[in-house]
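Ready for some practice in reading a protein fold? Work through each exercise with the structure open beside you, and try the task before you read its solution.

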Amino acid sequence: MARVFNFSAGPSMLPESVLNRAATEMLDYGGSGQSVMEMSHRSKVYDEIIVGAQQLLREVMNIPDNYKVLFLQGGASLQFAAIPLNLMTTGCADYIVTGQFSGKAHKEAQKYGLANCIASSKEQNFTTIPQVTAADLTPGADYLHICHNNTIFGSKYAELPQTGSVPLVADISSSFLSEPMDVSKFGVLYGGAQKNVAPAGLTIAIVHEDLLGKARANTPDVMNWKLMADNDSMLNTPPCWSIYMCKLVLEWIIQLGGLTVMQQRNEYKARLLYDYLDKSAMFSNPVEKKYRSLMNVTFVAKSEELNNLFVKEAAGAGFVNLKGHRSVGGMRASIYNAMPVEGLEQLVQFMADFERKYA
C-alpha cells in the first residue's frame, strides 16, 4: 500500500529518509550487532548517540552555552507540574491561556501555588492571541507561561510578550524546530517531540542555568531539572529510541539547510492552504490572520454534514487524520516539517474538486 499523507496533530509524519535510515539500522546499529532499542543506555555506543543528539540540537537551534538541554519523559503534560515545582519559589506565577494546553498548564499549576491567568482569548474561541506587556504581570511573579503554538485551535504568537526581568516559559511542542527561535529570550523552552522532532516518548526542556537548583524539596527526582542536568539526562533510563530518532531528524534538518530553510518551506506550505481557504466559498479558517499557525491549519465547511463527508472522502483519497479536535470540530491539517510540499498541493487540489462537486 502506498504511503498516505498523514495530517495528524501528533504523533505525526517523520521524514521518509529518516525512517529508511532507521530501518537499515534496526537490527545492527553502527556495527554493534544490536538495535538501539535493546542496547544499554550506559554503553559507549549509546553515549555517542545521546551526546550527539544534544550537540546537534544546540547547533540547529543555536542554543547558548548557559542553557541546559534535558531529554525527559512524560510529555509536555508532565512539565505542566514540573514547571511550578522547579520555578515557583514565591508561590506565584502568571499564565496566558490561548488554547487547551495552555489552559491545562494553568490548571495544573494551581495545585502548587497562585497561578494567575493574566490574559485569555477564550471569549474569542481562541482565534486570537491577547497582547501582554511587562506592566500586566503580577508583581513578584516567578515566571510567565505561554503556549507558543496552539495545536488544537491553529493559532500562534506573532510576537512574544515583553516580560522584563521575569523569565518567559514556553510550551513549543507543536512549533519545535519549525523555524528559528531566539532561545535567549526565554527562561525555559519545552515540548513533546512527537510533532516535529521524534516519535512519541521524548520530551525536551531547554533551561537557563540561572533557573536550576530552585526545585521544592518534595519535587520528584525525575522532575527536578538540576538533578537531570547534573546526570546528563540519565538519572534514570532515557527514551533511548526516540533520542536516536531525534538525532536522525536533526541530521535531516541540517542536510536541508537548517531552520531558516525549514521556515521557508513551512511558510510556503501554509500559504498554499490559507490562500485557498481565503478564496473558497465552501471552506473557511476562523483564526485572525496575524495569528495563524504555520503548523496546524484549522478550517470548516458550510455545514456539519459537509465536514463529515469531506473527512470521509479525503481519507479514502489518502489524506488521513484531517478531522478536527473533538472540542472544536471541523477539520485540521497539521503540516509539520516532514509533510512534503506535494501533500499540500494535492490536498488543495482535492479540496477544490470537492468544492466543485458539492457546491
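**Exercise 1. Find how strand β5 and strand β8 pair, and name the partners.**

Keep in mind that this is a predicted model.

Step 1. Locate β5 at residues 144–147 and β8 at residues 168–171; the two pair in the parallel sense, over 4 bridges.

Step 2. Match up residues across the pair. Leu 144 has Leu 168 as its bridge partner in β8, and His 145 has Val 169.

Step 3. Look at the other neighbour of β8. With β9, too, the pairing is in the parallel sense, here over 3 bridges. Val 169 stands opposite Val 188 in β9.

Step 4. Check where the side chains of β8 go. Leu 168 and Ala 170 point one way, Val 169 and Asp 171 point the other way, and all are buried.

**Exercise 2. Place these strands in their sheet and say which strands stand at its edges.**

Step 1. Write down the strand order. The sheet is open and has 7 strands, in the order β2-β10-β9-β8-β5-β3-β4, with mixed pairing.

Step 2. Read off the two ends. β2 (67–72) and β4 (114–120) each have a single partner strand, so one side of each lacks a neighbour in the sheet.

Step 3. Add the twist. On average, neighbouring strands of this sheet are turned by 20 degrees against each other, direction ignored.

**Exercise 3. Which strands do helices α3 and α4 meet?**

Step 1. Start with α3, residues 75–87. This helix lies across β2, β3 (92–97), β5, β8, β9 (188–192) and β10 (203–208), and runs at about 155 degrees to β9.

Step 2. Go on to α4, residues 100–109. Helix α4 packs on the sheet and touches β3, β4, β5 and β8, with its direction at about 160 degrees to that of β3.

**Exercise 4. Describe how helix α7 packs with helix α9.**

Step 1. Recall what to look for: two packed helices are described by the angle between their axes and the distance between the axes.

Step 2. Apply this to α7 (residues 259–279) and α9 (residues 341–358). Their axes come within 9 Å and cross at roughly 10 degrees.

Step 3. Classify the angle. Angles under 35 degrees count as roughly parallel, so α7 is roughly parallel to α9.

Step 4. Find residues that meet. Among them are Tyr 268, Leu 272 and Leu 273 in α7, and Leu 344, Val 348 and Met 351 in α9.

Step 5. Sort the contact by class: it has 11 nonpolar, no polar and 3 charged residues.

**Exercise 5. Are Thr 163 and Lys 247 buried or exposed?**

Step 1. Find Thr 163 in the loop between β7 (155–156) and β8.

Step 2. Compare its relative accessible area with the cut-off. The value is 11%, and buried means under 20%, so Thr 163 is buried.

Step 3. See what surrounds Thr 163. Leaving aside neighbours within four places in sequence, Thr 163 is in contact with Ala 134, Leu 137, Leu 144 and Leu 168. You met Leu 144 and Leu 168 as bridge partners in Exercise 1.

Step 4. Repeat for Lys 247, which sits in helix α6 (residues 240–256). At 14% relative accessibility, Lys 247 counts as buried.

Step 5. List the contacts of Lys 247. Not counting residues up to four places away in sequence, Lys 247 touches Glu 48, Ile 49, Gly 52, Ala 53 and Leu 56.

Methods
Residues are numbered from 1 along each chain as its sequence is written. This is a predicted model: local features need pLDDT of at least 70, side-chain atom pairs count only at pLDDT 80 or more; totals for chains, interfaces and linings use all residues. Side-chain values use heavy atoms; hydrogens and water are left out. Two strands pair if DSSP finds at least two bridges between them. Axes are lines fitted to C-alpha atoms, for helices over the stretch in contact, and angles run from 0 to 180 degrees between N-to-C directions. Contact means heavy atoms within 4.5 Å. Angles under 35 degrees count as roughly parallel, over 145 as roughly antiparallel, 65 to 115 as roughly perpendicular and the rest as oblique. Ala, Val, Leu, Ile, Met, Phe, Trp, Tyr, Cys and Pro count as nonpolar, Asp, Glu, Lys and Arg as charged, and the others, Gly among them, as polar. Buried means under 20% relative accessible area, exposed over 50%, partly exposed in between (1.4 Å probe, protein chains only).
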